[in-house]
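Student: Before I plan any reading of this model, I would like a close look at one part of it, the charged side-chain contacts that link separate stretches of the chain. Please take me through that part carefully, and then through its surroundings.

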Amino acid sequence: MSFGDLLLVAVLAVPVLGALAVAATPGDRVARVVGTVAAGLTLVAAVALVGGRSGYSTDDTAGAVRPWHSVDLPWVPGLDLRFHLGVDGISWPLVVLTALLTLLCCGYSLWQVPGGGSGRALVALLLVVEVGILGTFLALDLVLFFLFFEVVLLPMYAIIVGWGGDGTDPAALHARRRAGRKFALYTLFGSVLLLVGVYVVVAAAGTADVVALTGGTDLSRNTQLAAFTLLALAFAVKSPLWPLHSWLPDAHTQAPTVGSVLLAGVLLKMGTYGLIRVAVGVAPEGARWAAPVLGVLAVAAILVGSLVCLAQTELKRLIAYSSVGHMGFVLLGVATLTATGIQAALIGNVAHGIITGLLFFLAGAIKDRAHSGALTKLAGLRETAPRLSGLLAFAAVASLGLPGLAGFWGEAFAVVAAVEAGGALWTTLAVLAAVGGALTAAYLLRLLRRVTHGPPSPAVATLRPGLAGAELAAWTPLVLLVLAVGLAPTLVLGVAEAPVEALLGVLR
């Protein structure tokens, strides 16, 4: 086993051991420190995976999935199941993003623990969520992929119900329990579809190995159509794709700040990653057949998400609905089944995770200070807290796709990919998506006008102007990444170019 393979195992093993260590540590503060150290070591291992990667072969028989590092060990020999992990340029940026956001959330918990439970339990749950998300991005066995996909459900439900909400009164408790149940039920619905889809593929092909399955050569057309329909619906729930998105605003509104950051930053990416890696890769004929429908639903998500945001009056809820629109651009890129579209989806995934993670950190800070998320009560923020106001403006203009910042590339090139796909349908979808982009700018500029401008409202007038050290430590890496990815998109696109070409080779 090479050093890279050991790093691959460490990326999953360190947060597992960290969660166990946190649970076994008696002191709450010390336990949170232990968890933060474990998250930091996981990030180091995740970043190091890029080193020592092997070059991509030009041999067409090499397969569409060619991981830099892989671990393939017997797991359940009687069922021919294997513990098969691997990382390539499609999964690695999301692995690093997951590790980074988990570290920032654990570090943030050193400064502030939301009411409702102990900080030690919260950090342990964050690490368990990290294991599930990382495992989903690294799994190269469909059964293993499904199991990691499910690991996230219960700890995220516990985070929403245990530490979410705006108080301890019965109404607040009912609201967060309702949001948690809605999240769990929708996710379970998607999980059932995913399980059936995995069974259809494995039963027909006789293997669960993603490397062998990519290209769909062992699956009939009808099997691919059925499998893609089941898998795409399952991933649409997690992404979420309109009209299966209604769990998201409630979950975001009720979740604590760190829960919202992980939920928007990386948990949604499990759906879009699964759509690219599993649904498109394993059932390419099904992807070609369903592409126009996916494109229409993606543009519907962009427009509906933007229009709903224009009517929102609560800060976190507005940011949550904005995710529906932004993920619509990601899904539009995937639906085109072109290199430009898939690349746009990948960089859109990463950019959305960075920007929306920053937005939820800022929204949590504003809500904690003003004790309200209502836009009508947050006027005049730049007068009393100019630094916080400036960071909110920076994150908002990044989210609306300002050139030079991370949000620009995914949305712009998703539209370009739709135009390149050609035909009346895709050209129409490109135009409507561009209109959705304009609406995105409209609701974000409306947000800034209502929150940062005008005379300070009573809730804002008493805000402390400074920023805590822990806040700066959590937000600075995200600000720098928004600039870095915006100015040098090759940080994401460079590592993804070869695996995307290899994947698309099976679609031609």
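Tutor:

**Salt bridges and their surroundings**

Glu 314 and Lys 367 form a salt bridge in which the closest N and O atoms are 3.3 Å apart. The two partners come from distant parts of the chain, with Glu 314 in the loop between H13 and H14 and Lys 367 in helix H15, 53 residues apart. Glu 314 counts as buried at 16% relative accessibility, and Lys 367, at 14%, counts as buried too, because the cut-off for a buried residue is a relative accessible area under 20%. All of this should be read with the reminder that the model is predicted.

This pair is one part of a wider set, since the structure holds 10 salt bridges. Another of them joins Arg 178 to Asp 250, and here the closest N and O atoms are 3.5 Å apart. Arg 178 lies in helix H7 and Asp 250 in helix H10, which spans residues 247-254, so this salt bridge ties together parts that are 72 residues apart in sequence. In accessibility the two partners fall into separate classes: Arg 178 is partly exposed, with a relative accessible area of 43%, whereas Asp 250 is buried, with a relative accessible area of 12%.

A further salt bridge is made by the side chains of Arg 221 and Glu 285, at 3.4 Å from N to O. Because Arg 221 lies in helix H9 and Glu 285 in helix H13 (residues 284-310), the pair ties together parts that are 64 residues apart in sequence. Arg 221 is partly exposed, with a relative accessible area of 43%, and Glu 285 also counts as partly exposed, at 25% relative accessibility.

To return to the first pair, Glu 314 in the loop between H13 and H14 and Lys 367 in helix H15 link parts of the chain that are 53 residues apart. Elsewhere, salt bridges that share partners join Arg 178, Lys 182, Asp 250 and Arg 317 into one network.

The helices that carry these charged residues also border enclosed space, and the structure holds three cavities of 30 Å³ or more. The largest cavity contains about 130 Å³ of space. Its lining is made by 15 residues, of which His 326, Gly 348, His 352, Gly 407 and Glu 411 are the closest to its centre. Helix H14 (315-336), helix H15 (339-370) and helix H18 (407-421) each supply at least two residues of this lining. H15, the helix that holds Lys 367, gives the most to the lining of the largest cavity, with seven residues. Sorted by class, the lining of the largest cavity has seven nonpolar, seven polar and one charged residues.

The second largest cavity holds about 40 Å³ of space, and the residues that line it are Phe 149, Thr 187, Gly 190, Ala 234, Val 237, Lys 238 and Trp 247. Helix H7 (170-205) and helix H9 (221-238) are the elements that give two or more residues to the lining of the second largest cavity. Of these, H9 gives the most, with three residues. These helices have already appeared above, for H7 contains Arg 178 and H9 contains Arg 221. By class, the lining of the second largest cavity has four nonpolar, two polar and one charged residues.

One backbone detail belongs to the stretch that joins two of the helices around the largest cavity. Leu 337 lies in the loop between H14 and H15, and it has a positive phi of about 55 degrees although it is not a glycine. Most residues other than glycine have a negative phi. Leu 337 is also buried, with a relative accessible area of 19%.

Two other regions complete the view of what is covered and what is open. Helix H11 (residues 257-267) is mostly covered, with 11 of its 11 residues buried; among them are Thr 257, Ser 260, Leu 263 and Leu 267. On the surface, Val 16, Leu 17 and Leu 20 make a nonpolar patch of about 290 Å². Val 16 is found in helix H1 (residues 3-24), and this residue is partly exposed, with a relative accessible area of 36%.

Conventions. Residues are numbered from 1 along each chain as its sequence is written. This is a predicted model: local features need pLDDT of at least 70, side-chain atom pairs count only at pLDDT 80 or more; totals for chains, interfaces and linings use all residues. Side-chain values use heavy atoms; hydrogens and water are left out. Patches are made of residues with over 30% relative accessible area and no salt bridge: like charges are joined within 9 Å, nonpolar side chains (Val, Leu, Ile, Met, Phe, Trp, Tyr) within 5 Å. Accessible areas come from the Shrake-Rupley method with a 1.4 Å probe; for residues, only the protein chains shown count as cover. A salt bridge is a side-chain nitrogen of Lys or Arg within 4 Å of a carboxyl oxygen of Asp or Glu. Helices (H or I, at least four residues) and strands (E, at least two) are DSSP runs, numbered from the N terminus. Buried means under 20% relative accessible area, exposed over 50%, partly exposed in between (1.4 Å probe, protein chains only). On a 1 Å grid over the protein atoms alone, a cavity is a set of points where a 1.4 Å probe fits but cannot get out, and a pocket is an open set with protein on both sides within 12 Å along at least five of seven lines; lining residues have an atom within 4 Å of a point. Grid points are joined across faces, edges and corners, and a volume is the space filled by probe spheres set on the points. Ala, Val, Leu, Ile, Met, Phe, Trp, Tyr, Cys and Pro count as nonpolar, Asp, Glu, Lys and Arg as charged, and the others, Gly among them, as polar.
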